Amino acid sequence: MDLVVGASSDAVKSLVGKLGSLLAQEYTLIQGVRHDIQYINDVLTSMQAFLNRTKRSSSHDEQRQDWMKQVREVSYDIEDCIDDVNHCLGHEPRGTGKLMFLKKTWYLLTTIYARRCIATEIRDLKVRVQHVSDRRTRYGVENLTDKEGSKPVGTDVPTDRITPPPQLIGTKQPVGVDDAIYELRVWFKKEEHYTQQGTWKRFLAIVGFGGLGKTTLALELYCKFGDEFDCRASVQASQKFNLLLLLRNLVKQFNEQLTRTSHNDFLDGTEEWEDLKKRLADQLEQKRYLILIDDICPSRAPSDAKPLLKKCGGLPLAIIVVAGLVASKLRSSSTVKMLDDNLHEMDKALSGGLGTNLTTEGVTKLLGQCYNDLPADLKTCLLYLSMFPKGCFISRKRLIRRRIAEGFIIEKHGKTEEEVAEDCFSELISRNLIRAVNNSSNGKVKKYQIHDMVLEYIVSKSSDENFITVVGGHWQTPFPSYKVRRLSVHRSAREEKETVERMKLSHVRSLTAFESFSALHSSLPKFQILQVLDLESCRDLSPHQLKKICKLHQLKYLSLRQTDIGEIPSEIGRLEYLEVLDIRETEVAVLPPSVVRLQRMAHLLAGNKSKRVALALTEEITKMISLQTLSGVEIRGRSTAPLEGPTRSAAAPEHRDGCSQHFKLKGAISSLSKELLQDMEKLTNLKKLSIYILGKFEETDKESLLSAIEHLSSCSLKFLAIDDDFTGFLEHSLNCSKAPPEHLHTLELSGMLSKVPSVD
């Protein structure tokens, strides 16, 4: 059963709210359409009441499951239609007077075809809703009995999830590996072993089925003895072994260690086997090195694991997920139950499976029990992670911003959307279904990772429920029988390209590509209602394809991070719903003036810390008054000369004098103006500001910048990062501030600074 109820219920709940909002809008619709929308809304409201009752039951027959799948699919299609209405008819002129009458008449004439198409689609959806409603009784999908509906498994009663306090990652030692580490310590001794052919290369294989703790032991050895080697690297393998990708990863890691720098463009993704082999050989010549080729992340057992060790047969993965489930029951239980009582209940639910020699199938059944215990919001939260590749480190902020853009998160219980999303992931961590692998400077979790067996389980579950479709992943999944809603492409070989081209893509709301965009080139126009497009690290994105992306008018989230793009086309202004634009670690140094139309923009992420490259602050950016995050922008002193060399875009068209448009625009905005800094003060919704100060500042410029920072700090600013390039701004200006920040909780300063600024 699992997700069907949760996904169906959540889909209907979200849709009822959207239908109510649509009815409240005064769109000029074809006669009778408003009545059809009201009818659909009424029927879905009744369905929602039934689904809410169904969520409290843990057993469902096949007919009930099939009916709920139909509810889910028709709900998704109605939601697509509503979004289309808002896009096509959202600019209807309002007001009175002769001029407004002419504008409205012109609007009605130019939208009559769109309104007729919408009317036809809504009437078809009304018929589908009627049929789905009729099938409930026709095929015996009856109401649950009181006994069925009162079972408290996976209940959705709102609870305040307490966020665990920040803790340093890696401070807890793995349990049960000490003997193995002691036995293998000799293997890592720094001794020279020579044969007639040269240095003796040693190989250590750790084998066993999933969940046994192989990676825990391997990573502990890697961390404990890695410093004894000249260089080391860790890479992930997979069933679909990609040797070129693995070699490229090794070369990149060794380059970062040997040069003490991080260059994302060190490899352009076009290297062949012989080239990579030669680079790797050159890097490792006359060096003692350690390479870990691994499957997936380690697992930490709880500190007090003795009662669980016996029940779980000593299997680490089983121990931690059972511990997480039992701990969640102890936290949420209204009655006092002992640990043994909860373990007995779990053992009974698993038909006596605990305490025996658990097999892979037994662990899968155990994961199913842990999954079924999750509330509906946590199920969708966990399944959302199935779009990421095996062994991937998943950014917390990336997840949160994506889920908000897709409408999964809403404000509740007085918490913001970000806080609600963070609570969900914190709960998954406390249940040991995911793990934190990196912390930021303020103590918050920065990245997550998920065990391979948990990932395999949720990939299968997502495929069954048509939640996320994965192409080219580690595990084979069947071709989708429904319209694809969320698509994740892990590889872009010919097989994956052909698979994508056969899919129904017109209803895809989320598209993610890893490493390469080539499998999606020909299919891009089919994504008509796409809201999330994540192309992070895709090195084959061309300017022509970027212009096509700017035609995806409903985009809310666009990530071009670590791509090869050098500039953003002016067509970006068409994306009026865009809320997140991530261009970090690219060559983009300036945004076109058309970005001023992006008035829904909440997070603008730019710059490259390792290269000290930032995005120029422009007047258009200061007019994005909805901005909450402005990261990686530069502010230049008046006397600073325009940048040369790397800032010039090779793709930019040439002028008669040989300079590119990009270069000229960069030079035109390189000098600071007092008005620009004053305009910064309009960004009162900013919660995070990260700026680079370049060049020599005049005294009035320093005063204006300090005034802007003080003003923003008195509004909503919580995170402030300043790199002053040793211009003296921190030392001579920030220290003179007489307005201490009211809401700031994180301050990062880099540059000339002899003492910490006073906040008195």
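**Aromatic and cationic contacts in a predicted model**

Q: What makes Arg-403 a charge over the ring of Tyr-384?
A: In this predicted model, the charged end of Arg-403 sits over the ring of Tyr-384, 5.6 Å from its centre. The cut-off for CZ of Arg is within 6 Å of the ring centre, so the distance of 5.6 Å qualifies.

Q: Which aromatic cluster includes Tyr-384?
A: Tyr-384 forms one aromatic cluster with Phe-408 and Phe-467.

Q: How do you know that Arg-288 lies over the face of Phe-229?
A: Arg-288 is placed 4.1 Å from the ring centre of Phe-229. Because the limit is within 6 Å, the value of 4.1 Å satisfies the distance criterion.

Q: Why is the aromatic pair of Phe-425 and Tyr-448 called stacked?
A: The structure holds five aromatic pairs. In the one formed by Phe-425 and Tyr-448, the centres are 5.2 Å apart and the planes 25° apart. Centres within 6.5 Å make a pair and planes under 30 degrees apart make it stacked, so both values fit.

Q: What makes this pair a tie between parts of the sequence?
A: Phe-425 belongs to helix α17 (residues 417–430) and Tyr-448 to strand β7 (residues 445–449), so the pair ties together parts 23 residues apart in sequence.

Q: Why does Tyr-448 count as buried?
A: Buried means under 20% relative accessible area; Tyr-448 has 3%, and is therefore buried. Phe-425, with a relative accessible area of 1%, is buried on that criterion too.

Key. Residues numbered from 1 in each chain as written. Predicted model: local features only at pLDDT ≥ 70, side-chain atom pairs only at ≥ 80, totals over all residues. Heavy atoms only, no water. Phe/Tyr/Trp six-rings, centres within 6.5 Å; stacked < 30°, edge-to-face > 60°. Helix = DSSP H or I, 4+ residues; strand = E, 2+ residues; numbered from the N terminus. Buried < 20%, exposed > 50% of the residue type's maximum accessible area, 1.4 Å probe, protein only. Lys NZ or Arg CZ within 6 Å of the ring centre and 35° of its normal.
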